[in-house]
Amino acid sequence: MIRLFIRQYISMMLFVIILQLLLNLILFLDKGFHDVSLLYLNIIWFTLVAGYFSLRYVKDRKLMKPYVKFKGNYFDVIHEDYKEQLANKNAKVQEQKQIVLERQDELLAWVHEMKSPLTAMQLLLEKVEKSEVKERIENEWLRLYLLLDQQLHATRLMTIELDNRIEKVHVKDVLIQEIKALRTWCFEKKIAFDLEVDDLTVHSDTKWLGFIVRQILSNAVKYSDVGGEVRITAHMTNEQAVLIIQDEGIGIKSEDLPRVFRKSYTGTIGRETSAATGMGLYLAKQAAESMHILLAIESTEGVGTTVKITFPKMNDYQKTLGM
């Protein structure tokens, strides 16, 4: 309460102090007042001022009591209200996290359930004699499989650090496996593959690396002309494994190239193609960054596209393990 009183009368107190200093200066400089005791005058002045403010304090104290009580209760209420809001917010955040995790589990379960009839369809197609209808069904089956695969990895991407299993991976084995998975598209478009791949071994996650390669190869096949060629090279450069996938397709327009890794961005060519989702390269980029893999694209419209995958050096491998 004293602090409140001082804040209320601080300007008056300063004014009195300034007056007292001026009076002392005048008495000190004027020779006519040399016989008057400065100490005596200051004591009288201070007594009068102290008495005045003491009376004012006693009088104003009664008026300030309700305000002080209200102020204390007000801040207590505000503090308790803030604590309650913070607790509610934290509870809502935890509730939302739990909902997201539950939906993620449900979505993963749904995708796995969808893969079962797809597998059955594939086995049935193998028993069907080769025909134009069979090829068309196989192509549509592959499109459906790749879309489900994208959804599966998009869901797992949120917990990729927990899902990673880093091990030695033979790059050539991954490439051959993913090329075989796209064989129906390749047969339909008569796409040839030219592999110049050294016997490279990298430390990575087999499934996620396969997913990255799958997105790039599927784009290469999708946007290549009939009878085109996809050239794949893999070698060591400056103690780093480098995988390059190059197609002779329609390419990417210069204005689209800086944005190809954006989520749901299909670009000019993608908007003209109903099959484009704009998610493949985005997911591949996110997965690559999580494993410290550098993904870069160069392209010229009407000439083709080159995707360069650079794996981390061995001394960077500790980052991948989270050490």
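Buried means under 20% relative accessible area, a cut-off used in the legends below for this predicted model.

**View 1. R214 in helix α7 is a buried residue.** The relative accessible area of R214 is 10%, so this residue counts as buried. R214 belongs to helix α7. When residues up to four places away in sequence are set aside, the residues that R214 touches are L146, D149, H153 and E178. L146, D149 and H153 also appear among the α3 residues that meet α7.

**View 2. Helices α3 and α7 cross with their axes within 12 Å.** Helix α3 covers residues 132–156 and helix α7 covers residues 206–222. Their axes cross at roughly 135°, which makes α3 oblique to α7. The crossing of the two helices is left-handed. On the α3 side the contact is made by L146, D149, Q150, H153 and R156. On the α7 side it is made by K207, W208, F211, R214, Q215 and S218. Sorted by class, the contact of α3 with α7 holds three nonpolar, four polar and four charged residues.

**View 3. A154 in helix α3 is partly exposed.** The relative accessibility of A154 is 24%, and A154 therefore counts as partly exposed. A154 and L283 are 129 residues apart along the chain. The C-alpha atoms of A154 and L283 are separated by 6.6 Å.

**View 4. Five strands make up an open sheet with mixed pairing.** The strand order is β2-β4-β5-β7-β6. β2 (192–197) and β6 (294–300) stand at the edges; each has a single partner strand, so one side of each lacks a neighbour in the sheet. From one strand to the next the twist averages 15°. Strands of a sheet pair through backbone hydrogen bonds, in either a parallel or an antiparallel sense. Helix α5 (residues 171–181) lies across β2, β4 (229–237) and β5 (240–247). The helix runs at about 175° to β2.

**View 5. β4 pairs with β2 in the parallel sense and with β5 in the antiparallel sense.** Six bridges join β2 and β4. One bridge pair has L195 with I232 in β4 as its partner. Between β4 and β5 there are eight bridges. V230 stands opposite D247 in β5. β4 and β5 form a hairpin, with two residues between the strands. N238, in the turn of this hairpin, has a positive phi of about 55°.

**View 6. β6 and β7 run antiparallel.** Strand β7 spans residues 304–310 and is joined to β6 by seven bridges. S299 stands opposite T305 in β7. β6 is an edge strand of the sheet.

**View 7. H170 in strand β1 is partly exposed.** Strand β1 consists of residues 166–170, and H170 is placed in it. The relative accessible area of H170 is 38%, so H170 counts as partly exposed. Leaving out neighbours within four places in sequence, H170 is in contact with D199, L200 and T201. H170 and D198 are 28 residues apart along the chain, and their C-alpha atoms are separated by 9.9 Å.

Technical notes: Residues are numbered from 1 along each chain as its sequence is written. This is a predicted model: local features need pLDDT of at least 70, side-chain atom pairs count only at pLDDT 80 or more; totals for chains, interfaces and linings use all residues. Side-chain values use heavy atoms; hydrogens and water are left out. Two strands pair if DSSP finds at least two bridges between them. Helices (H or I, at least four residues) and strands (E, at least two) are DSSP runs, numbered from the N terminus. Axes are lines fitted to C-alpha atoms, for helices over the stretch in contact, and angles run from 0 to 180 degrees between N-to-C directions. Contact means heavy atoms within 4.5 Å. Angles under 35 degrees count as roughly parallel, over 145 as roughly antiparallel, 65 to 115 as roughly perpendicular and the rest as oblique. A crossing is left-handed if the near helix is turned anticlockwise from the far one by less than a right angle, and right-handed if clockwise. Ala, Val, Leu, Ile, Met, Phe, Trp, Tyr, Cys and Pro count as nonpolar, Asp, Glu, Lys and Arg as charged, and the others, Gly among them, as polar. Buried means under 20% relative accessible area, exposed over 50%, partly exposed in between (1.4 Å probe, protein chains only).
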